[in-house]
Amino acid sequence: MNFINNWSALVQLAAGVTALELDLPDGAFLLTLTDSLPEPTRWEIVEAQVQGGAAALVRGREGTLDQDWPSGSLIYLSVTAGWLSSVEQRLAAGGVIVSENLPGEADVPAAVGATWVVPGQASLVALGNEFGSDWALAAGAYPSMGYSFPAGTPGASYEAAYSDRQFSINLLFGEYSGVYPGTLALPWVGTPYGLGFTIDPAGADGIALSLDCSAMGETAYAEIENMGVAGAELAVAGSTITITVAQRCKLVMVSAWREAPEFGFLFRLEPVAEMIYLSAP
């Protein structure tokens, strides 16, 4: 279908007539007929195949009626609801989804290579087609979700949101003597591509962050490539992976595998500079 900006013309067209002279370039067009531009009361959508200024018409398209249009009626080119619906269907058939939200648990990719676009935020590509977590970030960024463990209740647990992949972990409300234990339950069955944690143990001697991965399987395996975080420790028990750190750092999933009931992660751990806050004098 062809388009031209701001094209319109006055026309006279009797009902049933399928030929019309139009000053349009050669090609296929979707045109609308109406009785008035400022105050229209009726419409007809027609398909026009133009060749050398002569248009062959298909009348009464998209549920409109083939009508009589007296002298002074208007014909113009615009986007119609039917055309937009056809575009959406073609995009869906081609594996492209445009949404205001990141994919969730029920948004299983139709096929490997499918694309999910959040305008202005991110685009994702499907690396699998079994789970809603099979979408991997291709461009843009995930929003960061913060989890602040209350210092007075060590052992507290939070459940991560399904569509989130970036997390900020810290303590809240006071100091804690020793290494603070906290748990974050991860909801994914498939591989959570783009997974990353910024861990800030300020307010304690350290944080022992336990990642409850029981949704993925019964037995976890994990390795960490440590890029200079002093004293970091890794422990695995069943489906829980615990990372203990004493300085601000970033934990990033590099790769993962899953063969139920077992699964594994390779993480990279790297130090992160302390936040500096500036205030006006």
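**Exercise 1. The aromatic cluster**

Find which residues form one aromatic cluster in this predicted model.

*Solution.* Step 1: list the members. Tyr147, Phe149, Tyr158, Phe167, Tyr176, Tyr180, Trp188 and Phe197 form one cluster.
Step 2: count the aromatic pairs in the structure. There are 11.
Step 3: take the pair of Tyr176 and Tyr180. The ring centres are 5.2 Å apart, and the planes meet at 80 degrees. Planes over 60 degrees apart count as edge-to-face. The Tyr176–Tyr180 pair is therefore edge-to-face.

**Exercise 2. Two tyrosines and the surface**

Decide for Tyr176 and for Tyr180: buried or partly exposed?

*Solution.* Step 1: recall the limits. Buried means under 20% relative accessible area, exposed means over 50%, and partly exposed lies in between.
Step 2: place Tyr176. Its relative accessible area is 22%, so Tyr176 is partly exposed.
Step 3: place Tyr180. Its relative accessibility is 0%, so Tyr180 is buried.

**Exercise 3. A charge over a ring**

Identify the residue that lies over the face of Trp69, and give its distance from the ring centre.

*Solution.* Step 1: name the residue. Arg42 lies over the face of Trp69.
Step 2: read the distance. Arg42 is at 4.1 Å from the ring centre.

**Exercise 4. Cys213 and Cys249**

Explain why Cys213 forms no bond with Cys249.

*Solution.* Step 1: count the disulfides. The structure holds zero.
Step 2: start from Cys213. The closest cysteine sulfur belongs to Cys249, 17 Å away.
Step 3: compare with the cut-off. A disulfide needs two cysteine sulfur atoms within 2.5 Å. At 17 Å, the sulfur of Cys249 is too far from that of Cys213 for a bond.
Step 4: start from Cys249. Its nearest cysteine sulfur is that of Cys213, and Cys249 is in no disulfide.
Step 5: check the surface. Cys213 is buried at 1% relative accessibility. Cys249 is buried too, at 0%.

**Exercise 5. Strands β3, β4 and β5**

Work out which strands pair with β4, and in what sense.

*Solution.* Step 1: pair β3 with β4. β3 covers residues 27–34 and β4 covers residues 43–51. They run antiparallel over eight bridges. Here Thr32 stands opposite Ile45 in β4.
Step 2: pair β4 with β5. β5 covers residues 54–61. This pairing is antiparallel as well, over six bridges. Val50 stands opposite Ala55 in β5.
Step 3: look at the link. β4 and β5 form a hairpin, with two residues between them. Gly52 sits in the turn and has a positive phi of about 60 degrees.
Step 4: add a general point. In a regular strand, side chains alternate between the two faces of the sheet.

Conventions
Residues are numbered from 1 along each chain as its sequence is written. This is a predicted model: local features need pLDDT of at least 70, side-chain atom pairs count only at pLDDT 80 or more; totals for chains, interfaces and linings use all residues. Side-chain values use heavy atoms; hydrogens and water are left out. Rings of Phe, Tyr and Trp (its six-membered ring) pair if their centres lie within 6.5 Å; planes under 30 degrees apart count as stacked, over 60 as edge-to-face and the rest as tilted. Buried means under 20% relative accessible area, exposed over 50%, partly exposed in between (1.4 Å probe, protein chains only). A charge sits over a ring if NZ of Lys or CZ of Arg is within 6 Å of the ring centre and within 35 degrees of the ring normal. Two strands pair if DSSP finds at least two bridges between them. Helices (H or I, at least four residues) and strands (E, at least two) are DSSP runs, numbered from the N terminus.
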